[in-house]
Amino acid sequence: MNAQGVAAAFAVGLLLAIVLYVAVVSYNAVMSLRQRIDKAWSNIDVVLKQRHDQLPALVSAVRGVMAFEQDVLTEVARARANYSPTEPIPDQAVHSDETTRAVRSLFAVVEAYPEVKSNENVLDLQAQIERLESMIADRRELYNDQVYRYNARITTLPTNLLAPLFGWQQRPFFAARPEELERPATDL
Amino acid sequence: MPIDWQPQGIFLALAGLGVGLWLLARGLADYREATRIGDTSTSRIATLAAGEVQVSGVIEPAELTLISPLQSATCVYYRSTIDGADDGIDLRADLTELGADFFEERAVGFRVRDETGDIRVFPRAARWDAPTTLDDSTGLMGDEPPGLRIRTGPALAPTGLGRDVAIAALLAGPEAAPDFRPLLILGGGAHRGIGGGDGRRHYRETTLAPGDAVTILGRAMPFGDLADPAEADIAIGSELAPDDAEVAGDIAEAREAGLLAATPEAAWGNASIPGFGIGQPIRAPVLDPGATAPPLGTAAQASEAQRRFEIPPDALVLASAPDSPLLIAQGLPSAAVERREGHFLLGLLGAILAIASAMALAMIVSGALGS
């Protein structure tokens, strides 16, 4: 091979090396994103479980005094019972939102009972659950952001060229499916 | 008589090939890093979970800050070089320390704060992407650049405790430059500089200072999991590791021989009192009766000093792990990604340069251009 042939081979080799490098980086990036999504989901799952474990203690602490607020307490118990860590993520999102709404209603009702509000045990439980609710909200945002980045990556160049080869599918957000979102009834 | 330009042509082609490949290598490395930063969501510090995380916030000093050598600026990281101004190609950024007359890079631990809280950063083994705050040369008449303010004191400074101290520092103007030419000590005057030649020098300094916005990508771990917090805190420091067999052997030998003090008090005396030398000691030191007793810190100052120096073992901190060094980059994540993408595009241009240079070299060698 003459010198010009060597130079041409060098050029082709360099271009192939760049393409291969970009492909390997893209593949590794998708693998890392999947790991991050799984980790972000595990972090949510831990907090959902903690909230699930804490709610009975809160309901027990306020049940005696709030005998006339059975609807609110029943709603919290019903929402809590729907928790199932094996459900698909969008279904868990629906049930998590229901639990959050029920807990907020309970906290609102507690405001009307000074004897409950002044109970240190209740205050402590309320603070813990509020902290967990805040963590769920923050970690949900982080998870959804990570899923967004993953979905965006596997649908844009150059990674979308690799997606069919490796069977990469879009991941679901931790949010209710659009068809499950209830529209509030309005009567104008 | 035809000019024999083959040697120059070969030299230029080889230089083009080298520079092109170097640009390409840097661009590809930055492409990978841009992907890593861009694919990691930014966590809120208050709800941070252990593991690989990315946080973005503002730098706050921890126990100590650094004073940069060229601007005397208070910072948590600096990288400074002084070089001859007219010594050929200036490769800038990554390679300025090669052949520099003066090169120094240091960092200390700091805190980073976002809207939800703050976290301690231990920058040992971190990779830094800091802005250039000084990039200037000596003038033709030998006059030094206006931003140059050579450090004349120690490189480390204690961090003032409390808001009042911070406000006072902000309101105070820069100290008057002393009538002292440290560059003479380094080896040169205005016309006989350390850069050699005609004495002109090029000063370059990158710093990250309290108040700067940064993006940090790395591992959040409980403070108790750090092998050695003292080592983890210093980014560029002693390379002696306590787990090194030889160092551990020396320490054990010294301990057996009774050469090591049993307690910090025995070793350092009053300097072992928390707050001593940094702010105010939180208990009365035993002083020479003739000496003036320093004022004791208030309870609030004591608790602030405690908070700064004593980190609970389960508190999350950011530190390098063996498989994932910290990346500390100036600005928001999007800005850090943008800079790296720019380098990637430059790297692709470098590939074109390398290919063109290889083609030219081949043509020269085969005589196609020479005849």
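**Note on a predicted two-chain model: sheets, strand pairs and helix packing**

1. In chain B, 3 strands form an open sheet in the order β3-β2-β10, and the pairing is antiparallel. The edges are taken by β3 and β10 (156–158) of chain B, each with a single partner strand, so one side of each has no neighbour in the sheet. As with everything below, this is read from a predicted model.

2. The pairing of β2(B) with β10(B) is antiparallel and runs over 3 bridges. One position to look up is Leu64(B), which stands opposite Pro158(B) in β10(B). For a first-year reader, the background is that strands of a sheet pair through backbone hydrogen bonds, either parallel or antiparallel.

3. What is unusual about the phi of Ser72(B)? The angle is positive, about 55°, although Ser72(B) is not a glycine. Ser72(B) is placed in the loop between β2 (64–67) and β3 (74–75) of chain B, and both of these strands belong to the sheet of point 1.

4. A second open sheet in chain B has 4 strands in the order β5-β4-β11-β9, again with antiparallel pairing. Here β5 (102–107) and β9 (132–137) stand at the edges; each has a single partner strand, so one side of each is left without a neighbour in the sheet. On average, and with direction ignored, neighbouring strands of this sheet are turned by 5° against each other.

5. Within that sheet, β9(B) pairs with strand β11 (residues 201–208) of chain B in the antiparallel sense, over 5 bridges. Ser137(B) has His202(B) in β11(B) as its bridge partner.

6. Over all chains the count of aromatic pairs comes to 9. One of them is formed by Tyr77(B) and Trp128(B), which are stacked, at 4.2 Å centre to centre with 5° between the planes. Tyr77(B) lies in strand β4 (residues 77–84) and Trp128(B) in strand β8 (residues 127–129) of chain B, so the pair ties together parts that are 51 residues apart in sequence.

7. Trp128(B) also has a place in strand pairing, since it stands opposite Ile328(B) in β14(B). The two strands concerned, β8(B) and strand β14 (residues 327–330) of chain B, run parallel and are joined by 3 bridges. By contrast, β14(B) pairs with strand β12 (residues 213–222) of chain B in the antiparallel sense, over 4 bridges. In that pairing, Leu217(B) has Leu327(B) in β14(B) as its bridge partner.

8. Next come the helices of chain A. Two packed helices are described by the angle between their axes and the distance between the axes. For helix α1 (residues 3–63) and α2(A), the axes come within 10 Å and cross at roughly 165°. These two helices are therefore roughly antiparallel to each other, and the crossing is left-handed.

9. Which residues of α1(A) meet α2(A)? They are His52(A), Leu55(A), Pro56(A), Val59(A), Val62(A) and Arg63(A), and on the α2(A) side they meet Gln70(A), Leu73(A), Val76(A) and Arg80(A). By class, this contact has 6 nonpolar, 2 polar and 2 charged residues.

10. Helix α2 (residues 70–81) also packs on helix α3 (residues 89–110) of chain A: the axes come within 9 Å and cross at roughly 155°. The two are therefore roughly antiparallel to each other, with a left-handed crossing. On the α2(A) side the contact includes Leu73(A), Val76(A) and Arg80(A), residues that also take part in the contact with α1(A). On the α3(A) side are, among others, Ala102(A), Val103(A), Leu106(A) and Val109(A). The residues of this contact divide into 8 nonpolar, 2 polar and 4 charged.

11. Helix α1(A) has a further partner in α5(A); their axes come within 8 Å and cross at roughly 160°. The arrangement is therefore roughly antiparallel, and the crossing is left-handed. The contact of α1(A) with α5(A) has 24 nonpolar, 7 polar and 8 charged residues.

12. Is the peptide bond from Leu157(A) to Pro158(A) cis or trans? This bond is cis, with omega near 0°. Pro158(A) is found in the loop between α5 (120–154) and α6 (163–166) of chain A. This proline of chain A should not be confused with Pro158(B), which lies in β10(B) opposite Leu64(B).

Terms used: Residues numbered from 1 in each chain as written. Chains lettered and ligands numbered in written order. Predicted model: local features only at pLDDT ≥ 70, side-chain atom pairs only at ≥ 80, totals over all residues. Heavy atoms only, no water. Axes fitted to C-alpha atoms, helices over the stretch in contact; angles between N-to-C directions. Parallel < 35°, antiparallel > 145°, perpendicular 65-115°, else oblique. Left-handed = near helix turned anticlockwise from the far one by under 90°. Contact = heavy atoms within 4.5 Å. Nonpolar A, V, L, I, M, F, W, Y, C, P; charged D, E, K, R; others polar. Pairing = 2+ DSSP bridges. Phe/Tyr/Trp six-rings, centres within 6.5 Å; stacked < 30°, edge-to-face > 60°.
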